[in-house]
Amino acid sequence: MVQKVAVIGAGPSGLTSIKACLDEGMEPTCFESSDDMGGLWRFKEVSEPNRASIYRSLTINIWKEMMCYSDFPIPADYPNYMHHSKILKYFRMYADHFKLLQHIRFQTSVKKVTKRPDFPRTGQWEVVTENKDGLEERSLHLP
């Protein structure tokens with residue numbers, strides 16, 4: 001039986017979590033509250049309520065080789081110190097390359113995560129999410 005796993009957030013760590021689950025033969029579902037992937041690396045002209053944001057001119061302060069995923073190098077023509085728009089583009093390339101987007105439920109907020117009564121035996125959690133259609137509850141594993 002395939003283990004179903006919940007991943008919360010489609011930022012840089014969420015993307016690698018989805019990929020790691022797929023590599024291990026699991027079935028991940030990523031819940032992303034916004035309408036896009038990238039987490040904090042998505043610049044918004046107007047900040048969204050209750051969501052941190054980067055600023056327009058943000059450039060990373062580490063070499064691209066230090067921040068890239070080990071299994072997906074940053075393109076050679078990208079500058080060493082990248083603007084946030086290049087970082088987001090890199091995350092999109094990563095998600096496209098490993099076919100991660102099909103595992104993400106956008107505009108779906110995680111409202112509650114609790115251990116199921118049979119957790120010691122199953123390792124499963126109750127995950128309650130909310131989207132435009134309302135609340136949904138399911139039993140999943142967390143990485």
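Let me start with K19, which in this predicted model lies over the face of F98, at 4.7 Å from the ring centre. If you follow K19 a little further, you find that its side chain also meets the side chain of D71 in a salt bridge, with 2.8 Å from N to O. This salt bridge links distant parts of the chain, since K19 belongs to helix α1 and D71 to the loop between α2 and α3, 52 residues apart. Are the two partners buried or exposed? K19 has a relative accessible area of 10%, and because buried means under 20%, K19 counts as buried. D71, at 36% relative accessibility, counts as partly exposed.

There is a second charge over a ring that I would like you to find, and here the charged end of K86 sits over the ring of Y78, 4.4 Å from its centre.

Now to the aromatic rings themselves. The structure holds nine aromatic pairs, and one of them is formed by F72 and Y90, whose rings are 5.8 Å apart, centre to centre, with 35° between the planes, so that the pair is classed as tilted. F72 lies in the loop between α2, residues 64-67, and α3, residues 84-97, while Y90 lies in helix α3, and so the pair ties together parts that are 18 residues apart in sequence. Both F72 and Y90 are buried. These two residues also belong to one aromatic cluster, which is made up of Y69, F72, Y90, F91, Y94 and F98, and you will recognise F98 there as the ring that K19 lies over.

From the rings we can move on to the nonpolar core. In soluble globular proteins, nonpolar side chains tend to be buried together. In this model, the largest nonpolar core has 20 residues, and those that touch the most other members are L15, M67, Y69, M82, Y90 and F91. Which elements give two or more residues to this core? They are α1, residues 12-23, and α3, and it is α3 that gives the most, with five residues. To see how one member of the core is surrounded, take F91, which, leaving aside its neighbours within four places in sequence, is in contact with P12, L15, M37, W41, M67 and Y69.

Let me come back, finally, to the charged side chains. Side chains of opposite charge can pair when their charged atoms come close. How many salt bridges does the count come to? The count comes to 12 salt bridges, and besides the one between K19 and D71, I will point out two others. E45 forms a salt bridge with R56, where the closest N and O atoms are 2.2 Å apart. Both E45 and R56 lie in the loop between β2, residues 27-32, and α2, so this pair ties together parts that are 11 residues apart in sequence. E45 itself counts as exposed, at 57% relative accessibility.

In the other example, R105 forms a salt bridge with E136, and the closest N and O atoms are 3.7 Å apart. Here distant parts of the chain are linked once more, with R105 in strand β3, residues 104-106, and E136 in strand β6, residues 134-140, 31 residues apart. R105 is partly exposed, with a relative accessible area of 37%, and E136 counts as partly exposed too, at 34% relative accessibility. Salt bridges can also share partners, and in this way D35, D36, R42 and R92 are joined into one network.

Note on methods:
Residues are numbered from 1 along each chain as its sequence is written. This is a predicted model: local features need pLDDT of at least 70, side-chain atom pairs count only at pLDDT 80 or more; totals for chains, interfaces and linings use all residues. Side-chain values use heavy atoms; hydrogens and water are left out. Rings of Phe, Tyr and Trp (its six-membered ring) pair if their centres lie within 6.5 Å; planes under 30 degrees apart count as stacked, over 60 as edge-to-face and the rest as tilted. Helices (H or I, at least four residues) and strands (E, at least two) are DSSP runs, numbered from the N terminus. Buried means under 20% relative accessible area, exposed over 50%, partly exposed in between (1.4 Å probe, protein chains only). A charge sits over a ring if NZ of Lys or CZ of Arg is within 6 Å of the ring centre and within 35 degrees of the ring normal. A nonpolar core is a set of buried Ala, Val, Leu, Ile, Met, Phe, Trp, Tyr and Cys residues joined through side-chain atoms within 4.5 Å. Contact means heavy atoms within 4.5 Å. A salt bridge is a side-chain nitrogen of Lys or Arg within 4 Å of a carboxyl oxygen of Asp or Glu.
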